[in-house]
Amino acid sequence: MKSISLLLATRTFRARRAAIYQKMAFGLRRGGTPSGELKAMYANSVRRKSSLAPVYGYWYESLRGRAAGRLARAMQGTIPDTEYGLLRIAEDNQALAHGFEFLAVSVMRVNEMRRSFIDAIRSVAIPVAILCGLIIGIDMYFFPLVEDTLPRREWPIITRLVAVVAEQMGSILTAMVLAM
């Protein structure tokens, strides 16, 4: 049960880690110790019944046990490896607060880039999907009606070209649906 709750808490942490890193940096900058900050964060999360309580508890227990006072080592396995490496170096150089600040800013910037990339994909994918649907709809409903009144060889060249493209898109879409 504890490992499942830790796994879920780790997933929640990864989504909110920029704010958590900022909170750690703030606490360390004002003179707190890693152990004291983790203990306070754990106590607050338990009191609020936060989904992050298992991860804070794991860090605090690891810091006191297997990590032997090394915060980066206590967090290992619950944070991305690149972030672990950076925190380990910052801790070795007695610049843990600066390391957390850097990570908070980096994570925020990466999240902004990810959102921008997804928005860019959406801004292209939605119109393309609408256009494909329109072309396939024309192929399925309009072209059969036109073929009943006028043979395909007598259609204007551009209409025949659109019909060929629409047929191909319909075939590809059908194959993709059947492949799923």
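Here a biologist asks a modeller how the words used for this predicted model are earned.

Biologist: What kind of model is this, and how are its residues numbered?

Modeller: It is a predicted model, where local features need pLDDT of at least 70, side-chain atom pairs count only at pLDDT 80 or more, and totals for chains, interfaces and linings use all residues. Residues are numbered from 1 along each chain as its sequence is written, and side-chain values use heavy atoms, with hydrogens and water left out.

Biologist: Let's start with glutamate 83. Where does it lie?

Modeller: Glutamate 83 belongs to helix H5, residues 81-92. Helices here are DSSP runs of H or I with at least four residues (strands are runs of E with at least two), numbered from the N terminus.

Biologist: Why is glutamate 83 called buried?

Modeller: Buried means under 20% relative accessible area, exposed means over 50%, and partly exposed is in between (1.4 Å probe, protein chains only). Glutamate 83 has 6%, so it falls under the 20% limit and is buried. Other buried residues of H5 include Tyr84, Gly85 and Leu87.

Biologist: What does glutamate 83 touch?

Modeller: Contact means heavy atoms within 4.5 Å. Leaving aside neighbours within four places in sequence, glutamate 83 is in contact with Arg17, Tyr21, Leu103 and Val107.

Biologist: How do you know that the length of H5 fits a helix?

Modeller: The expected span is 1.5 Å times one less than the number of residues. H5 has twelve residues and reaches 16 Å from its first C-alpha to its last, close to the 16 Å expected. Helix H7, residues 157-179, can be checked in the same manner: its 23 residues should span 33 Å, and its end C-alpha atoms are 33 Å apart, so the two agree.

Biologist: What comes just after H5?

Modeller: Glutamine 94, which takes a positive phi of about 55°. This residue lies in the loop between H5 and H6. At 71% relative accessibility, which is over 50%, glutamine 94 counts as exposed.

Biologist: What about lysine 49, buried or exposed?

Modeller: Lysine 49 is at 76%, over the 50% limit, so it counts as exposed. Lysine 49 lies in the loop between H2 and H3, and has a positive phi of about 60° although it is not a glycine.

Biologist: Why is isoleucine 118 called partly exposed, and isoleucine 136 buried?

Modeller: Isoleucine 118 has a relative accessible area of 38%, in between 20% and 50%, so partly exposed is the right label. Isoleucine 136 is at 13%, under 20%, and therefore counts as buried. The place of isoleucine 118 is in helix H6, and isoleucine 136 is placed in helix H6 too.

Biologist: Which residues does isoleucine 136 touch?

Modeller: Beyond its neighbours within four places in sequence, isoleucine 136 is in contact with Ala166, Met169, Gly170 and Leu173. In H7, Ala163, Ala166 and Gly170 are buried, and the buried residues of H7 pack against helix H6 (96-149).

Biologist: What makes a group of residues a nonpolar core?

Modeller: Such a core is a set of buried Ala, Val, Leu, Ile, Met, Phe, Trp, Tyr and Cys residues joined through side-chain atoms within 4.5 Å. The largest one has 31 residues, and those with the most contacts inside it are Tyr21 and Phe100. Its largest share, nine residues, comes from H1. Apart from this core lies another, of six residues, among them Phe143, Val146, Ala163 and Ala166.

Biologist: What does tyrosine 21 touch?

Modeller: Not counting residues up to four places away in sequence, tyrosine 21 touches eight names you can look up, including Phe13, Met75, Glu83 and Phe100.Biologist: What makes a space in the model a pocket?

Modeller: On a 1 Å grid over the protein atoms alone, a pocket is an open set of points with protein on both sides within 12 Å along at least five of seven lines, where lining residues have an atom within 4 Å of a point. The largest pocket has a volume of about 180 Å³, a volume being the space filled by probe spheres set on the points, which are joined across faces, edges and corners. Its lining includes Arg16, Ile20, Glu37 and Tyr56, and H2 gives the most, with five residues.

Terms used: 1 Å grid on protein atoms, 1.4 Å probe; cavity = no way out; pocket = protein on both sides within 12 Å on 5 of 7 lines; lining within 4 Å.
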